[in-house]
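User: I should like to learn how to read a protein structure. Please guide me through it.

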Amino acid sequence: MAVIYVLNGPNLNLLGKRQPEIYGRDTLEDVELLCRDVAGGHEIRCLQSNWEGQIIDWIHEAREQAAAIVINPGALTHTSVAVLDALNAFDGPVFEIHISQVHKREAFRHHSYVSLRADGVIAGLGIEGYAAAVRRAVMLIGD
Ligand SMILES: O=C1C[C@@](O)(C(=O)O)C[C@@H](O)[C@@H]1O
């Protein structure tokens with residue numbers, strides 16, 4: 001079976017507690033359980049960091065270990081060429097997730113560096129977006 005990395009960037013450790021009117025009440029633990037539920041037996045590695053360099057190191061690690069990456073880069077989406085460069089060095093499918101509908105929000109959230117690499121982008125489905133991305137990754141990975 002393959003490994004799918006589910007990466008979460010800055011502030012997503014506070015999911016369920018911060019701005020619930022925007023991000024909802026589900027926690028990262030709920031995200032992890034949901035992803036496992038739809039992974040069809042593939043291994044889910046759910047990781048979160050507030051540090052850009054750590055996210056980049058995990059993407060590098062995924063080059064050796066993972067068949068697909070599902071990533072919610074948080075605010076790094078809108079700022080980080082370095083995260084984009086790291087994802088460009090990964091060969092498998094990459095899915096970009098935003099819990100909120102970023103295009104309905106402030107203009108600075110409308111641009112994503114990560115979208116230049118992502119094979120799919122999901123915004124505004126709450127934590128269901130992660131499940132949709134994992135399902136798609138499983139389809140692409142095959143048996
Ligand atoms: O931290 C986040 C979360 C987010 O990626 C989302 O999941 O909706 C949207 C980003 O603009 C924001 O900085």
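User: In what order do the elements of the protein run from the N terminus on?

Analyst: Helices (H or I, at least four residues) and strands (E, at least two) are DSSP runs, numbered from the N terminus. Here the order is β-α-α-β-α-β-α-β-β-α, with 5 helices and 5 strands. This is a predicted model, in which local features need pLDDT of at least 70 and side-chain atom pairs pLDDT 80 or more, while totals for chains, interfaces and linings use all residues. Residues are numbered from 1 along each chain as its sequence is written, and side-chain values use heavy atoms, without hydrogens and water.

User: Which residues are around the ligand?

Analyst: A residue counts as near a molecule if one of its heavy atoms lies within 4 Å of it. In this model the residues around the ligand include Arg18, Tyr23, Asn72, His78, His98, Ile99, Ser100 and Arg109.

User: Which oxygen or nitrogen atoms of Ile99 lie 2.8 Å from an oxygen atom of the ligand, backbone or side-chain?

Analyst: A polar contact is a pair of N or O atoms within 3.5 Å. For Ile99 a backbone N or O atom makes the approach. Polar side-chain atoms serve in two further cases: that of Ser100 lies 2.6 Å from a ligand oxygen, and that of Arg109 lies 2.9 Å from one.

User: What are the spans of the C-alpha trace along the principal axes of the protein?

Analyst: The trace spans about 40 × 30 × 20 Å.

Notes:
A polar contact is a pair of N or O atoms within 3.5 Å; within protein, one must be able to donate a hydrogen and the other to accept it, and residues adjacent in sequence count only if both atoms are side-chain atoms.
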